[in-house]
There are 6 protein chains.
Amino acid sequence: MRGFFPGRFQPFHQGHLRFVEQILEEASEVVVAVGSAGLSHTQENPFTAGERISMIHRTLEHLEDTTFVIPITNIEPYALWAAHVRTLSPSFDAVYSNNPTVRRVITENGYDARGVDLYERDRYRGTEIRRRMNAGEPWRDLVPDEVADVVEEIDGVERVRAVSRDDG
Amino acid sequence: MRGFFPGRFQPFHQGHLRFVEQILEEASEVVVAVGSAGLSHTQENPFTAGERISMIHRTLEHLEDTTFVIPITNIEPYALWAAHVRTLSPSFDAVYSNNPTVRRVITENGYDARGVDLYERDRYRGTEIRRRMNAGEPWRDLVPDEVADVVEEIDGVERVRAVSRDDG
Amino acid sequence: MRGFFPGRFQPFHQGHLRFVEQILEEASEVVVAVGSAGLSHTQENPFTAGERISMIHRTLEHLEDTTFVIPITNIEPYALWAAHVRTLSPSFDAVYSNNPTVRRVITENGYDARGVDLYERDRYRGTEIRRRMNAGEPWRDLVPDEVADVVEEIDGVERVRAVSRDDG
Amino acid sequence: MRGFFPGRFQPFHQGHLRFVEQILEEASEVVVAVGSAGLSHTQENPFTAGERISMIHRTLEHLEDTTFVIPITNIEPYALWAAHVRTLSPSFDAVYSNNPTVRRVITENGYDARGVDLYERDRYRGTEIRRRMNAGEPWRDLVPDEVADVVEEIDGVERVRAVSRDDG
Amino acid sequence: MRGFFPGRFQPFHQGHLRFVEQILEEASEVVVAVGSAGLSHTQENPFTAGERISMIHRTLEHLEDTTFVIPITNIEPYALWAAHVRTLSPSFDAVYSNNPTVRRVITENGYDARGVDLYERDRYRGTEIRRRMNAGEPWRDLVPDEVADVVEEIDGVERVRAVSRDDG
Amino acid sequence: MRGFFPGRFQPFHQGHLRFVEQILEEASEVVVAVGSAGLSHTQENPFTAGERISMIHRTLEHLEDTTFVIPITNIEPYALWAAHVRTLSPSFDAVYSNNPTVRRVITENGYDARGVDLYERDRYRGTEIRRRMNAGEPWRDLVPDEVADVVEEIDGVERVRAVSRDDG
C-alpha cells in the first residue's frame, strides 16, 4: 500500500518527519508531495521547491527505499486537485492529510483520505519556525539536522528576514 | 434588447432571482454570467461553475426562452474584462450590475452599465448564506427550492464547512 | 439520462445537428460543449466562443427544453480533461464523441464514452466549410439557416478569409 | 553604467522622480521598469501599464536621452524574477530598489542591488496619493504636472473611487 | 496623431526601419510594439524581448523624440488583442500593419488599421535573415548597423544556429 | 559532483539508462528531470509525468542512493529555462544534454553543459518506440523491463494508439 502526503514544508520540520514515520506504520511506501511548488521568496513560502526537495531528500535518506519526493504546483479550481496530483505522482492508495479542504476534495473524487495524530501541533508549525527565524530566536531544534544544514547553505534565515520586511 | 448579468452566485439566491426578473422587465433576454468560473472549494467560492450553472438552469427553467447561462473566468488585467466577456457571450446591449468596478470597466469601454434596486440586500447575500450553512443555521428560505436541491445533491453544506475550517 | 457532446463547432453544421438529434434518441438531455473556447481568429478556430454559442442556441431553440450549451477551454495535460469538464458542466452520464483521445481520456477516468454514426462525414466537416468560405464556394447548405445568419451578422466569411491569408 | 529601477508607479510621483534623478548621478542611463504590468482597476493597482508608461514618458521627456521605460509582469516563483527582468529589459549593471525582497532576489542571483535615500518617504507614497484621490483631498502637489495631466485625461480619480468602493 | 506599429522584429531590419519612417510621414509619433515578447530561443523567435528592444532603441536613437518601444506578449483568444495592446501601450490613433489578422481584429474593434508599401519585401524578411545567419551567408547589409552590433554582443548568430539544430 | 539530466522520457528507454550510467562515471549523483511534465495524451507526449516518474524510479531502483527524479514543466520564454530548473531541482554542477537549445541556454547562463556519447541513437529513440507501439511491432527490447511493466499496467500501448488516430 502506498500513501500520498502533501504539504508545503516551509520548512520540513520534526512534525512532518513524525508524520512520515506514522504513515509508514501502515503503508509500505509514501510519496511526499511538496505543494505550492511554484511559489518562493514570500512570507508564507520563503523556500523554493528545489530547496524543499533537498531538505526532505537528505532527511529521509535512511528511508529512501520507501519514500518518493515530488513537487506539486497549485491548481485552480481546487476541484481539479485530485486529478492534478494523480497525473504528477506515481500511483497511490490513500492521501494522508489533516487539511479539511484536501480531505474533502479527495473524498469527493472517490479516493481514501486519512488523518494522523499530529505531534505537538502548536510547537511544530512552519509559521512558528519562520517567526523564530525572523525574530532571531532558536529554531534549529524544531527541524531535523539535515534541514538546518540546507537552511544554512542557502543563507535561508536572511531570506526569511528579507521577505518579512517586505510590506508589498 | 438583451441584458448581461454577471455574478459569482455562491450560491444563486432569491435576490439574484429578483434581479433577473427586474432585468426582464426592460430587456427581452438576459445572459446570466457565472463569474470566477475557475474557482471552487474556497471559503468565498465553494461551488464549481458546473454546480452553479445547474442551480441557475433549474431555477430559471420557466424562463428558458429568455435566459442564457454561461461561465466567465476571471481575467487580468481587469481592463480586459469588457472585451473578455464579449468574446465569451452571445452579444448583449447592456450590463446590469451594482458592482462599481464592473460598472466602471464597462463604461470606460463604451458599453451601457445599468443598476437595479437590490431586494433586501442585507438578507440576500452569498456571504450570509455561506455563514449560515457553516454555523448550522437555517438558509433554505434564502434560496430558490431548486438551488437547495442542488446543494443537497452535492452535499454542499458539508463542503462549505470543510473549506471554512481550512486555515491555509 | 444526460449526455455530454464536446466539439469545436467552427462552425456548428448539419452533421453536428444530426449528432445532437441522435444523442437525444437515447438521452433525455444533452450538454453541447463548445471546446477550444479560448481560441478565435485563427485558421482552425475563426469564431469566438460567444459567436459559436449564439449559433448553437439559435439552431437548437426548438430543443431548448433538453439542451444546455457551455464553453470549455483547453487544459494541459490532457489527462485532466475529464475532471476539467466535470467542474464546468452540469453533471452528465455519458460522453458522446468519435474523437479517439477524448474517448480514451474519458474511459481512463471511469466514465462512459459513446460514439454515434457520423452523417456524411466527408461532406459535413468544419475544415471543408471554412475552405469553401475562403474559396468563395457555396457553404450555406452545409449549415443550419440560423448558423448562416450568425456568420452573416458578424461578417464571418471575411474573417475566415483574413485569417487564412495570415502566414504568421 | 546602466541602472534598473523597478516600481509599480500607481501613480508615478515626486519621490519616484527624485529617485530617477539620484540614480542618474551615478549611472549614465536608467531603465524605469513598470511592475505588476498585468494588473489594473484594483485598489492597489488602479492604472494600466499603458497609462503608467504615459505618465513616465511625459515626465521624463527632458531625460529621454538617458531613460528607457518598459513594463514588467509579475512572475511566480519570485525566485525567477531576476532572470525574468533580464529577458525583458535592455541589459543593465545594477538594480536600484529599497524593496527587501527585490534586493534579496537580485543579490542571490549575483547581481548588484543598490538603494537610494528616499525623499520624504511618508509623504510621497502611492498609497497616500490614492487615499487622497479617494477622499477628495488635494493630491496634485505630490505628483509631477505631467502625471496629473494623464490622470485628468483618463478620468483617473473617478476610477480610483470606483474600485475603492468595491468590496469584492 | 500617434501610430502603433506591431511586429516580432526577429531581428529588426531595414524594412522595419523604412516602415517606421513611412509612418512618421503621416503620424507625429509612433509606438513600436515588440510582439511575441514572451518567446525566445526558438527558430522563429531566437531573440528575447529585451534584446529586440535594445536593437530598436539604438537604431531609432535619432528618432527618440517621436518613438516609443514597448513589448507585447501574445494573448488568447486573438479577439482580445486590440483590448490587450490598448492596456499596454500609450494611447494611439491608428495601427499600421500589413498582417491580415491584425488588421481584421483592429477593424472589428472599431480602430483604424493602415498599411504601408513594403520596401523590397522578399529581401527584408526575418525568415531570410535567420536563414542566412544559420547558413553562414552574409546578413549584415539587411539590418541597421546598430542591430548588427547587438547581434554581435549577444553572440546571436551562434544562438540562431543552436536553436536551428534542435529537432524537438 | 552532481549532474542534471533533462529529457521527456516518452518513454524512458535503454538509451536513457546508458546515459544515466555514463553520467555516473564522472558524477557522484544525478538528477533525472522529467521535462514537458505538464503534457500527456498527445502523440509526442502520451505518458503523464507521474507515469514517467514511475518508469524511472523502478528502473533506477538499484541506483537510488545516487539518483533523484523530478518533473519539470515547460516555461516561456526559453531564456528562463536555466533559472526555472534551478528553482525546481536540488542544486547541481553540470547539465548533461545533447540538445543544442538546452546546451545554449545553459551556457548563456554561465552553467556547465556536457554531452555524452549516445548509444545507438537511431535505435533507442522515443519516436521509434511510439511508432512501433502504434504499428503493433515489437518494442519491449528497447526499454528496461521495469518500463515495459509500467506501460502494461496503464494499458499504455492502447493509449499511444488512441492518440495517434487523433487528427485534431
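This report covers chain interfaces, a packed helix and salt bridges in a predicted model.

## Chain B against chain E

The contact between chain B and chain E takes nine residues from each chain. Together the two chains bury about 610 Å². Carbon and sulfur atoms make up 70% of that area. On the chain B side, the residues touching chain E divide into five nonpolar, three polar and one charged. Zero salt bridges cross between chain B and chain E. Two residue pairs are in polar contact there, both at pLDDT 80 or more.

A turn of 180 degrees, with a shift of 0.0 Å along the axis, lays chain B on chain E at an RMSD of 0.0 Å. The two chains are therefore related by a two-fold axis. B:A83 has the C-alpha of chain B nearest the axis, at 3.2 Å. Both copies use the same surface, with 100% of the contact residues of chain B recurring in chain E.

## Chain A against chain F

Chain A and chain F each put 18 residues into their contact. The buried area here is about 1300 Å². Carbon and sulfur atoms give 58% of it. Zero salt bridges are found across the interface of chain A and chain F. Polar contacts join six residue pairs, with both residues at pLDDT 80 or more.

Three elements of chain A each supply at least two residues to the side touching chain F: α2 (49-59), β3 (67-71) and α3 (81-88). Helix α2(A) gives the most, with five residues. By class, the chain A side has nine nonpolar, seven polar and two charged residues.

## Chains without contact

Two pairs of chains stay apart. Chain C and chain D share no contact, and their closest C-alpha atoms are 18 Å apart. Chain A and chain E also have no contact, again with 18 Å between their closest C-alpha atoms.

## Helix α7 of chain F

Helix α7 of chain F spans residues 156-164. Its buried residues are F:G156, F:V157, F:R159, F:V160, F:A162 and F:V163. An α-helix has 3.6 residues a turn, so residues three or four places apart point the same way.

What do the buried residues of α7(F) pack against? Within chain F, their partners are α2 (49-59), α5 (126-135) and α6 (145-153). From another chain comes α4 (100-108) of chain C.

F:R159 of this helix forms a salt bridge with F:E51, whose closest N and O atoms are 2.7 Å apart. F:E51 sits in helix α2 of chain F and F:R159 in helix α7, so the pair links parts of the chain 108 residues apart. Both F:E51 and F:R159 are buried.

## Arg104 in chain A

A:R104 belongs to helix α4 (residues 100-108) of chain A. At a relative accessible area of 14%, A:R104 is buried, because buried means under 20%. Where are its contacts beyond the neighbours within four places in sequence? They are in chain B: B:I154, B:D155, B:E158, B:R159 and B:A162.

## Salt bridges

Over all chains the count is 90 salt bridges. Side chains of opposite charge can pair when their charged atoms come close.

In chain B, B:R130 and B:E44 form a salt bridge with the closest N and O atoms 3.2 Å apart. B:R130 lies in helix α5 (residues 126-135), and B:E44 lies in the loop between β2 (29-34) and α2 (49-59), so the bridge ties together parts 86 residues apart in sequence. B:R130 is buried at 6% relative accessible area. B:E44 is partly exposed at 43%.

In chain F, F:E44 and F:R130 meet in a salt bridge at 3.2 Å, N to O. F:E44 is in the loop between β2 (29-34) and α2, while F:R130 is in helix α5, 86 residues apart. F:E44 is partly exposed, with a relative accessible area of 44%. F:R130 counts as buried at 7%.

A network of salt bridges links A:E51, A:D155 and A:R159 with D:R104 and D:E108.

Terms used:
Residues numbered from 1 in each chain as written. Chains lettered and ligands numbered in written order. Heavy atoms only, no water. Contact = heavy atoms within 4.5 Å. Buried area = accessible area lost by both parts, 1.4 Å probe. Salt bridge = Lys/Arg side-chain N within 4 Å of Asp/Glu carboxyl O. Polar contact = N/O pair within 3.5 Å; in protein donor to acceptor, adjacent residues only side chain to side chain. Nonpolar A, V, L, I, M, F, W, Y, C, P; charged D, E, K, R; others polar. Least-squares fit on C-alpha atoms with pLDDT ≥ 70 in both. Helix = DSSP H or I, 4+ residues; strand = E, 2+ residues; numbered from the N terminus. Buried < 20%, exposed > 50% of the residue type's maximum accessible area, 1.4 Å probe, protein only.
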